[in-house]
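Here is a friendly walk through how the strands pair up. Have the chain in view and follow along.

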Amino acid sequence: MRKYKRLIISIVVVVAVLLLIWFFFIRKTGPAVSFDTETPAYGHIATTVTATGTIQPVDTVAVGTQVSGTLKYLYADFNSKVKKGELLGQLDQSLFQASVDQFRGQLANAKSNLVFQQANFGRQEQLYKTGAISKADYDNSTYLLNAAKASVASTTAQLASAEKNLEFSNIYSPIDGVVLNRNVSVGQTVAASFNTPTLFVIAKDITKMQVQASVDEADIGNVKDSQRVSFTVDAYLDDVFAGHVQEIRLQPTVSSNVVTYTTIINASNDQMKLKPGMTANVTIYTAERDSALLVSVRALKFRPDSTTLGKKYVLLSAVRKHQQETPKDTNVVTSNAQKREGDVNYVWVLRGDTLQQKRIRTGLNDNTHIEVLHGLDPGDMVITGQETGSTGAAPTAKGTSSPFLPKMGRKR
């Protein structure tokens, strides 16, 4: 009997030893799992629309001439600052002056004839009243007097026209501003027969500029008047210029089957860095939030695999540290945010010692961060990714280790 008892004890000991060997040396464990985590933080978020445009002065005037002639004098050039009424150029006035002199002579002749016809009419009228002349002679004298008066009026009008043409040969600035473009040179013939030629282009105030941006039809629905705008130009890559949307023109432009709408953006140019014709890279802020609770967009895309679901995990000291740093006004911000509706999304958080899926409401999304309207607190440990190692260990948050794992000594 004792022999059988020893045999049984020996078998039990051998089996126990084999189980221990299998458990510690032969048993295959699952790969180590670590999580990329973050805590929601308050910050600024905005949705934007990007476009390109051209910088132009707010108000420009094209200065031309109503008469044809040869440019004799030029008193303004590119970038010249001019005042309203200042002489910019002058056409050759010899022909215009000759025309004025001609009509002045004709007017003097017409007036002299009028004086003669008035005197003749007076005599004919006296004779007609006494019956010395016929009614036909009286009517003839009346006709000649009226013709003389009409001749004086006609010649006076022709003289006024000639004098006006002489005045038009002087080209004056209609506004105070800066000459942006000069299209003529001294000695050049200007023809104004069919349309008014543009001699100068004057900008009224180059301290105020505007950007004509082309916004795609897919984005134009979010663009509204008075929205904040920032833009850069290639000449000053480190400078960001500010402006606001002034107007969205309803006339579309179609190029290569792409429909765009011209959007006018006003901008200040006090430092005179912006120059007409520069290309602007425009960012229009269609919606903005300050002090919004933000989380990475990656958190919405995270899905744990089947090997990690249902297991228990240890809440690390880093989580407790974040909970201690939670702002005191968290409840106020959350309650205000709950007043706004948003899209429904889901994230995974480390809650206690387990993985927990949470339903949240989200708002603005800038493709990097997303606004959390409600469903998360600043102290929540949100999982944004998962990494799987090659050695067996309990899953933990990245950057820390489980207190149940054996600690490896460091090489010195």
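Ala-46 stands opposite Glu-288 in β15. That pair belongs to a longer match: strand β2 (residues 41-57) and strand β15 (residues 279-296) run antiparallel and are joined by 13 bridges. Strands here are DSSP runs of E with at least two residues, numbered from the N terminus, and two strands pair if DSSP finds at least two bridges between them.

Before going on, a word on the basis: this is a predicted model, in which local features need pLDDT of at least 70, side-chain atom pairs count only at pLDDT 80 or more, and totals for chains, interfaces and linings use all residues. Residues are numbered from 1 along each chain as its sequence is written, and side-chain values use heavy atoms, with hydrogens and water left out.

Strand β15 has further antiparallel partners, among them β12 and β18. The table gathers these pairings.

| Pairing with β15 | Bridges | Residues standing opposite |
|---|---|---|
| β2 (residues 41-57) | 13 bridges | Ala-46 and Glu-288 |
| β12 (residues 228-233) | 5 bridges | Val-233 and Ala-280 |
| β18 (residues 369-374) | 3 bridges | His-369 and Ser-296 |

Now to another set of strands. In what order do the 4 strands of the open sheet lie? They follow β3-β10-β8-β5, with antiparallel pairing. At the edges are β3 (60-64) and β5 (81-82), each pairing on one side only. Strand β3 meets strand β10 (residues 198-203) in the antiparallel sense through 5 bridges, and there Gly-64 stands opposite Thr-198 of β10.

As you look along any of these, keep one rule in mind: in a regular strand the side chains alternate between the two faces of the sheet.
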